Amino acid sequence: MPNSQFSSDFLPQHIAVIMDGNGRWAKKQGKPRLYGHRMAVKSVRETISTASRLGIKAITLFAFSSENWKRPEEEVNLLMDLFITVLTREVKKLHKNNLKLRIIGDKTRFGQVLQQKIAAAEELTKENTGTVINIAANYGGKWDITEAVKKVAAQVADGELTPEQIGENTISQHLSMADLPDVDLMIRTSGECRISNFMLWQMAYAELYFTELFWPEFNEQALLDAITWFINRERRFGCTSEQLQSLMKQK
Ligand code: IPE
Ligand code: IPE
Ligand code: MG
């Protein structure tokens, strides 16, 4: 049910979140990093339920980057176990709430059990019509573009396409989430101001919002604050402010 505090005309259609700061948050309270990852699940739940209540079309949450394999083996293993536990525990609830769950990223590097859980969760929720929840896992923006380019190259090699026919759409239709609008609002927690190889193409015109909150501290109010900030931005897409104002008058 859309929330009356925002007009749906001004809401971001697609929100992307870099959920950062679990480790530092845990350290601050003298706890191991894994404690931060566990407590992060509550913020994920609250973010999803708020986005769904507002009627946001899609939300993409960065859970594990292609670069995160570089972390200590113990932390990577614990993150994979947590991923399996959360998927198992939460998927029915997501389905009951009409949410469509998708995992984006190179899934081939995951263990068999995790790959099966992912496939089952995607299958169960694929017909749902509510908010699309994308979990980016073993995802990298450069990987995404590289995979798309490989597909286009194969079409050229097969003689289906000439290099001159390649346009932006030729690439974007092969990217993850090609069926969704580009990202309108990107949120990163923990005070870091970088993209860390997230959706490079899909975020080309996103408004970037950085908050000092660590991810386990992120909650409904924090998301509403980010959306309120977004609504007050003027998105010019290359035009001038005056052009936009005269366009608004014509509407
Ligand atoms: C984000 O929190 C979660 C993952 C990258 C899996 P971090 O684990 O990066 O936490 P910090 O940045 O070290 O505090
Ligand atoms: C980015 O966080 C990836 C996720 C939130 C999953 P990192 O903590 O891995 O990013 P860097 O390495 O500090 O840029
Ligand atoms: Mg981090």
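This report walks through two annotated residues, the surroundings of ligand 2 and two cysteines in a predicted model.

**Two residues from the record**

Let us start with the annotation. The unreviewed UniProt entry lists D20 and E207 under "binding site". From this set, D20 is part of the lining of the largest pocket.

Where along the chain is D20 found? Look in the loop that runs between β1 (14–18) and α1 (22–28). Is D20 buried or exposed? Its relative accessibility is 16%, and the limit for buried is under 20%, so D20 counts as buried. If you set aside the neighbours within four places in sequence, D20 is in contact with R188, T189, S190, E192, F214 and W215. With one of these partners, S190, there is also a polar contact: the side chains of D20 and S190 are joined at 3.2 Å.

Now turn to E207, which sits in strand β6 (residues 207–210). E207 has a relative accessible area of 13%, so this residue is buried, given the limit of under 20%. Which residues does E207 touch, leaving aside its neighbours within four places in sequence? The contacts are D184, L185, M186, W229, F230, R233, E234 and R235.

**Around ligand 2**

D20 turns up again here, as one of the residues that surround ligand 2. The others in this group are I18, M19, F62, A63, F64, N68, R71, R188, R194 and S196. R188, you may recall, is also in contact with D20.

Some of these side chains place a polar atom by an oxygen atom of the ligand, as the table shows.

| Side chain | Partner | Distance |
|---|---|---|
| R71 | oxygen atom of ligand 2 | 3.3 Å |
| R194 | oxygen atom of ligand 2 | 2.7 Å |
| S196 | oxygen atom of ligand 2 | 2.6 Å |

For R71 and R194, the atom on the protein side is an N or O atom of the side chain. For S196, the distance runs from a polar side-chain atom.

**A look at the cysteines**

A disulfide is a covalent bond between the sulfur atoms of two cysteines. How many disulfides does a search of the whole structure find? The search finds zero.

Two cysteines can still be described by how open they are to the surroundings. C193 has a relative accessibility of 58%, and because exposed means over 50%, C193 counts as exposed. C239 has a relative accessible area of 32%, which falls between the limits of 20% and 50%, so C239 is partly exposed.

How values were computed: Residues numbered from 1 in each chain as written. Chains lettered and ligands numbered in written order. Predicted model: local features only at pLDDT ≥ 70, side-chain atom pairs only at ≥ 80, totals over all residues. Heavy atoms only, no water. Disulfide = S-S within 2.5 Å. Buried < 20%, exposed > 50% of the residue type's maximum accessible area, 1.4 Å probe, protein only. UniProt positions renumbered as here; feature names shortened; annotations may be inferred. 1 Å grid on protein atoms, 1.4 Å probe; cavity = no way out; pocket = protein on both sides within 12 Å on 5 of 7 lines; lining within 4 Å. Helix = DSSP H or I, 4+ residues; strand = E, 2+ residues; numbered from the N terminus. Contact = heavy atoms within 4.5 Å. Polar contact = N/O pair within 3.5 Å; in protein donor to acceptor, adjacent residues only side chain to side chain. Near = heavy atom within 4 Å.
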